[in-house]
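I keep these entries as I look things up, one topic at a time. I begin at the end of a helix and work outward to the chain as a whole.

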Amino acid sequence: MTHLPPVFPSPERCSDIRQFRDFPILAETRTRMRKQMQSSQVNFDALSKIVERDPALCLHLMINTVEQNPDCLSQITGAASCVSLLGMKELVSLIKQLPVVEADCDERALQLYRRALLVADMAGEFAAHWASQKGTSSVSSARWGTLLLSAPLWQWLINEELAQNWFYCLSQGQDLAASARHTFGDEQLSQWQQQAKQLHLPAMAVDCYRSETQLSAPQWRLLRHHDPRDLDNQRPLLHLLQQPCLTAWIATALAWHWHINPNSKLSQRWLAIAGHWSGKPAAMLLPGLRILQVNASHYHNDGTATGLALLLSPDTRLAENQRSYPLIQPAPGKLPQPESEPTKPGPGPGTGTATPGSVTPNSPSGAQNSAQSNDPDQNQNQDKPRQPDHLYLNKLVQQLQQEPDSFGDWHYLMRGVLKGVCRGIGLSGACITLLNKDKTLMKVFYTEGNAKLDPIRKLAVDLRKPSVFNKLLEKTASLQIAPANRDKFLRGLPASTLDIMPSQLVIMSIDAGHAPVGLVIAYNEHGEQSLSADEYRAFKNLCQTASRSLAMLRSNTADKRQ
């Protein structure tokens, strides 16, 4: 068995990751919601069912609902609860604004993040199925808590490359507890309970990160081999088995190991645990779970995340071997000092040395159809300098010029522009700021690349005070800021704003046919590297094209409404 030397991000990095909230939702969810809203028979229940098949959208709904209604956390048991409190208009607006992760995305971190969402969905289906049979908790609550259980992990997957070693450890035959400890370390895992609370996760999910709710190693071993109802003096264990959070633990662990290898010893272990926990033989549980596995594969058109591709593969070698993930090494010159192995497990999931239920959920879920696998492991980019993708940029510009309606609405278009800046031009970070209704405040609404975590994501400018931003918003204009002219152009801005702005960046206003509606800001290497003349020229051309496309999209939308 392979053991990794613990390599953890710096505390400052961890703090930024815990503040991350820009979780992409599944691209097909937006398509399904749009189609459902256009139906003459649209109804509340149908929309809720679509929402609850996308864990990221569920998380966004939970966060927005609790932030607007702080006293309602304990009352939320599913998507229907959130939508009833937020309203249908807020749901539609939220879905339009959120970023999406496509089934064919080529960014490794997003591929693994997508797999995590799909496995969380399958785990939610398992939990709801068991809740309907046991009757110890509501079906909706069981699904909701299990869907959101893995949210702290998603934050790391999107933003930290070293977090991908979580999957490497699991693919090497380690259980969830050991994988979490070797990937994140006890110091980070001890903070996941607080992280779960900051994300406003339901009590069922938060309880999974509390050490007092976890079974001990001997209790897990007993549950693996025996039904405690058949044994004497097992009242403490039977009491622990009644906890709602145990449903989420077992469902998540089984779903994750089915993703790695549906026929592995770990998969068989968790199926046996599920049987003894539910009071039914594993052979009775398996057919119903297989049906849910097949249904999840069909719903998402993905057999890789659910493990169905391995289970049904005609290649006997593939069916016998578990899915593999590569080891991610730190970038040269950035090797953190490894921590010594802890002698005592800390609180939180995944810290018990032999506790299979100490779940730090869950697996990466993917973006392939059920017949084929296009693993990101085979096209991994490690430590390669950022390069422009001229073909991608040319296609994007052509789409903006000729087919603005293909973006659907301006939220998609804005995000497409940012992808063009980062992927097409090759800049490391970009964001778009928009004005409020009164045009007195400008703040960042969309981010891409490093801007998702860099301080500039918090940029908010009071436009009632004169500054360079007021000038840029008067008419279409661009500006390149460098150390030589920084003091001149940024004069008058408060120190708090200057501190979060990169030292070198380019800015250009965008409009929709009238006055500018916002600014596009881009930079290289956290603002430490200047842009070349070609990059600046490409940036201005993309922004100008985006403005014309916004104007056409606005005009076409108005014509359709008449």
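**Entry: the end of α22.** I looked at the residue just after α22 and found Gly426, which takes a positive phi of about 100°. I note here that the model is a predicted one, and that every value below is computed from it. I then turned to helix α22 itself, residues 410-425, and checked its length: at 1.5 Å a residue its 16 residues should span 22 Å, and the end C-alpha atoms are 21 Å apart, which agrees. The helix nevertheless has a kink of about 25°, which I find centred on Lys419. As for its surroundings, I count α22 as mostly covered, since 13 of its 16 residues are buried, that is, under 20% relative accessible area.

**Entry: α11.** I ran the length check again on helix α11, residues 176-189, where a straight helix of 14 residues would span 20 Å at 1.5 Å a residue, but the end C-alpha atoms of α11 span only 12 Å. Where does α11 bend, and by about how much? I located the bend at Thr183, with an angle of about 80°. α11 is also mostly covered, with 13 of its 14 residues buried.

**Entry: α7 against α16.** I describe two packed helices by the angle between their axes and the distance between the axes. For helix α7 (residues 108-134) and helix α16 (residues 244-260) I noted an angle of about 130° and axes 8 Å apart. Are α7 and α16 parallel or oblique to each other? The angle is neither over 145 degrees nor within 65 to 115, so I put the pair down as oblique. The crossing of α7 and α16 is right-handed. On the α7 side of the contact I listed Arg115, Val119, Met122, Ala123, Phe126, Ala127 and Trp130. These meet, in α16, residues including Thr247, Ile250, Ala251, Leu254, Ala255, Trp258 and His259. I recall that an α-helix has 3.6 residues a turn, so residues three or four places apart point the same way.

**Entry: Glu125 and Ser138.** While still in helix α7, I looked up Glu125, which has its place there. Is Glu125 buried or exposed? At 15% relative accessibility Glu125 counts as buried. Leaving aside neighbours within four places in sequence, I found Glu125 in contact with Arg53, Arg143 and Leu292. Moving on to the loop between α7 and α8 (139-148), I stopped at Ser138. Ser138 is partly exposed, with a relative accessible area of 38%. The C-alpha atom of Ser138 is separated by 8.1 Å from that of Ala128, a residue 10 places away along the chain.

**Entry: α17 against α18.** The axes of helix α17 (residues 265-278) and α18 come within 9 Å, and I noted that they cross at roughly 110°. That makes α17 roughly perpendicular to α18. The contact is made by Leu271, Ala272, Ala274, Gly275 and Ser278 in α17, which meet Ala282, Leu285, Leu286 and Leu289 in α18.

**Entry: two asparagines with positive phi.** I looked up positive phi values in residues other than glycine and noted two asparagines. For Asn301 phi is near 55°, and its place is in the loop between α18 (282-300) and α19 (308-311). Asn301 is partly exposed, with a relative accessible area of 49%. For Asn233 phi is near 60°, and this residue lies in the loop between α14 (217-225) and α15 (235-241). With a relative accessible area of 73%, Asn233 is exposed.

**Entry: Leu86.** I found Leu86 in helix α5, residues 79-86. Leu86 counts as buried, at 13% relative accessibility. Which residues does Leu86 touch, not counting those up to four places away in sequence? I listed Leu61, Asn64, Thr65 and Gln68. I also noted the C-alpha separation of Leu86 and Val66, which is 9.7 Å for two residues 20 apart along the chain.

**Entry: the whole chain.** Last, I took the totals. The protein chain has 26 helices and eight strands, and 56% of its 562 residues count as buried. Among contacts between residues at least 6 apart in sequence, I noted that 73% join residues at least 24 apart.

Methods
Residues numbered from 1 in each chain as written. Predicted model: local features only at pLDDT ≥ 70, side-chain atom pairs only at ≥ 80, totals over all residues. Heavy atoms only, no water. Helix = DSSP H or I, 4+ residues; strand = E, 2+ residues; numbered from the N terminus. Buried < 20%, exposed > 50% of the residue type's maximum accessible area, 1.4 Å probe, protein only. Contact = heavy atoms within 4.5 Å. Expected span 1.5 Å × (residues − 1). Bend = angle between axes of the 7 residues up to and from the residue. Axes fitted to C-alpha atoms, helices over the stretch in contact; angles between N-to-C directions. Parallel < 35°, antiparallel > 145°, perpendicular 65-115°, else oblique. Left-handed = near helix turned anticlockwise from the far one by under 90°.
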